[in-house]
Amino acid sequence: MKLKANIATSDNGFIFNPATGDSYTSNSIAAFILALMKAGKTDAEIKLEILQAYDVDQSTLERDWEDWVLQLKDANLLEAK
Amino acid sequence: MTQKLKYERPFIKKMNMGLMNKFGTQSESEAVRDIDGVAVKALVNEFGSPLFVLSERQIRRNYRAAVRAFKTRYPKVQFAWSYKTNYLNAVCSIFHQEGSWAEVVSGFEYRKTLSNGVPGHHIIFNGPQKSTEELLLAIQNNSLIHIDHFDELYALIPLCQEHGSKPRVAIRVNMDTGIYPLWDRFGFNYENGQAWSAITKIINSGTMQLVGLHCHIGTFVLSASAYGVAAAKMSALALQCNAVLTTPIEYLDLGGGFPSTNTLKGAYLPGVDTVPSVDDFAEAITTTLLDAGFKQDELPLLILESGRVLIDDAGYLLGSVIANKRLADGRRAVVADFGVNTLFTSLWYDHKISPAQDVSPHTDTVTLYGPLCMNIDMIRESVNLPALQPGDNLVVHKVGAYNMTQWMQFISLRPAIVLIDEEHRPHLIRKAETLEYMEAPEVLPEYLREAKEAT
């Protein structure tokens with residue numbers, strides 16, 4: 001799962017899609033994930049980093065990850081596979 | 001070992017560049033962790049979720065403020081607690097302790113007032129349906145009977161003759177006060193002369209004492225001036241009774257209808273910013289009465305049957321998040337454990353809803369559903385809430401009026417109700433319903449029972 005190359009993100013979670021003009025805000029953990037995605041980390045690596053940094057168990061994270069991917073797809077921020 | 005960061009479900013939120021709201025309405029996402037000093041978590045753990053909570057402190061504060069608003073402007077004022085708004089015995093007892101009479105609209109409510117120890121002459125019996133048995137009970141108790149229609153009037157006359165008693169009665173008057181809709185289904189119309197006709201029939205029958213006039217111009221009335229119009233027409237009728245029929249009217253009952261600060265569905269601005277205060281209503285009513293032409297020593301007693309405005313903001317509904325969902329169009333939805341069956345007023349209001357635990361400042365627009373397997377079970381179509389997890393608690397505000405009387409036993413059982421007293425102690429005032437409670441009135445015919453036992 002990769003963000004489109006032209007998507008701009010900032011450290012505080014601001015997202016801008018220059019192709020559509022849409023912009024988004026995100027909560028702090030979303031900003032954390034976006035930074036790791038930008039850095040080219042895989043899904044598995046990102047989840048591992050979340051489990052190390054945040055007070056969350058694996059099953060909760062897996063459940064929320066499904067929703068996270070849906071949100072990125074809905075916002076048209078992901079590269080087509 | 002380093003402390004891990006607090007986890008929250010990751011989410012992004014699209015920024016919409018629409019017109020700015022110049023009124024800058026307040027965010028609803030601030031956490032409400034306790035009610036009158038009692039932790040929401042502790043209440044839910046002890047009494048279950050969902051749970052209605054009432055604040056005795058707020059009920060008394062509301063009542064005293066309303067009484068003060070009227071008594072500082074007019075010499076003779078009496079409140080009568082509207083039982084249908086919330087007839088839990090604990091709630092009624094608080095109002096009666098504060099000095100409130102009782103206003104009832106059915107035989108069931110009437111009997112409730114008696115068991116709450118209200119003296120018969122402090123009970124106002126309103127409503128379109130009063131059986132012969134109930135009318136007799138009211139006559140025997142010297143209660144104030146508010147006659148709603150001619151059929152009731154004609155039923156009362158022989159009843160009084162038969163029993164040789166002269167009950168104290170009033171007629172219910174409906175009128176045009178300049179607001180829409182015009183409530184003309186209760187009582188006798190003022191403008192077309194029906195009210196005057198009913199008055200003369202009562203006096204001419206010689207079987208009753210006409211002591212009062214009553215009106216109930218609407219509900220959640222947002223115009224204080226409408227009450228001024230009502231007070232003027234009621235005063236004119238009372239003065240006419242005295243002048244033409246030499247029947248002085250002892251009291252004018254202006255009914256209820258004052259709004260709480262809830263926000264009606266479809267309203268552009270929140271109720272707290274738009275709803276007139278009790279002082280506004282008191283000013284409109286009392287200045288009209290004082291200028292109507294009554295002699296100083298003949299001013300009628302002013303009765304008010306307020307319900308909603310005295311208790312709505314003293315009630316809370318505590319609930320829990322069951323699930324988060326993403327709808328087909330990408331919108332986020334939250335499913336809570338309370339639905340429209342429990343929170344009946346969610347059909348009329350956009351209730352304020354707060355999380356009950358620490359939350360991040362990031363909020364998302366979500367649809368809040370109840371737990372019923374029914375498409376209509378939606379509490380808020382669009383509400384800003386932070387990311388919530390299953391098990392997190394929610395607090396719904398201003399639910400004290402009508403919910404605990406109009407709630408429905410549908411699909412699930414009705415929850416417990418707790419009253420927090422002025423010393424911050426919670427008291428269970430209505431137990432959560434059980435399967436046994438619900439099935440107690442049911443009767444299974446013998447042939448079906450036998451068939452069941454045979455299988």
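Two strands are taken as paired if DSSP finds at least two bridges between them. With that criterion in hand, the tour below moves through a predicted model, beginning at a strand pair that crosses from one chain to the other.

**Stop 1: the strand pair between the chains**

Select A:Y24 and then B:K14, the residue of β1(B) that stands opposite A:Y24. Next select A:S26, whose counterpart in β1(B) is B:I12. These positions lie on strand β3 of chain A, residues 22–26, which runs antiparallel to β1(B) and is joined to β1(B) by 3 bridges.

**Stop 2: the whole sheet**

Extend the selection to the full sheet. Its 4 strands form an open arrangement in the order β1(A)-β2(A)-β3(A)-β1(B), with antiparallel pairing. Which strands stand at the edges? They are β1 (8–9) of chain A and β1 of chain B; each has a single partner strand, so one side of each is left without a neighbour in the sheet.

Now add helix α1 of chain A, residues 28–38, which packs on this sheet. Helix α1 touches β1, β2 (15–17) and β3 of chain A, together with β1 of chain B. Viewed against β3(A), the helix direction makes an angle of about 120°.

**Stop 3: chain A as a whole**

Display chain A alone. Chain A contains 3 helices and 3 strands, and along the sequence they follow the pattern β-β-β-α-α-α. The C-alpha atoms fill a box of roughly 35 × 25 × 20 Å along the principal axes. For 81 residues, a compact globule would have a radius of gyration near 12 Å, and the 12 Å of chain A agrees with this. Colouring by burial would mark 26% of the 81 residues of chain A as buried. Among contacts in chain A between residues at least 6 apart in sequence, 37% join residues at least 24 apart.

**Stop 4: the contact between A and B**

Restore chain B and select the contact, to which chain B gives 18 residues and chain A gives 22 residues. On the side of chain B that touches chain A, the elements giving two or more residues are β1 (12–14) and β14 (315–326) of chain B. The largest share, 3 residues, comes from β1(B). Coloured by class, this side of chain B shows 7 nonpolar, 4 polar and 7 charged residues.

**Stop 5: B:Y7**

Move to B:Y7, in the segment before β1 of chain B. What does B:Y7 touch, leaving aside residues up to four places away in sequence? The residues are A:I29, A:Y54, A:D55 and A:V56. B:Y7 counts as partly exposed because it has 19 C-beta neighbours inside 10 Å, whereas a buried residue needs 20 or more.

**Stop 6: across to strand β8 of chain B**

From B:Y7, draw a distance to B:D148: the two C-alpha atoms are separated by 61 Å, and the residues lie 141 places apart along the chain. Then select strand β8 of chain B, residues 144–147. Both faces of this strand are covered, with B:L144 and B:H146 buried on one side and B:I145 and B:I147 buried on the other. Such an arrangement can be read with one rule in mind: in a regular strand the side chains alternate between the two faces of the sheet.

Add strand β7 of chain B, residues 123–125, which pairs with β8(B) in the parallel sense over 2 bridges. Within this pair, B:I124 has B:L144 as its bridge partner.

**Last stop: confidence**

Finally, colour chain B by pLDDT: the mean is 94, and 97% of its residues reach 70 or more. The model scores ipTM 0.95 and pTM 0.89.

Key: Residues are numbered from 1 along each chain as its sequence is written. Chains are lettered from A and ligands numbered from 1 in the order in which they are written. This is a predicted model: local features need pLDDT of at least 70, side-chain atom pairs count only at pLDDT 80 or more; totals for chains, interfaces and linings use all residues. Two residues are in contact if their C-beta atoms, placed from the backbone, lie within 7 Å. Ala, Val, Leu, Ile, Met, Phe, Trp, Tyr, Cys and Pro count as nonpolar, Asp, Glu, Lys and Arg as charged, and the others, Gly among them, as polar. pLDDT is the predictor's confidence in each residue, from 0 to 100. The radius of gyration is taken over C-alpha atoms; the globule rule is 2.2 Å times the number of residues to the power 0.38. A residue is buried if 20 or more other C-beta atoms lie within 10 Å of its own, exposed if 12 or fewer, and partly exposed in between; C-beta atoms are placed from the backbone. Axes are lines fitted to C-alpha atoms, for helices over the stretch in contact, and angles run from 0 to 180 degrees between N-to-C directions.
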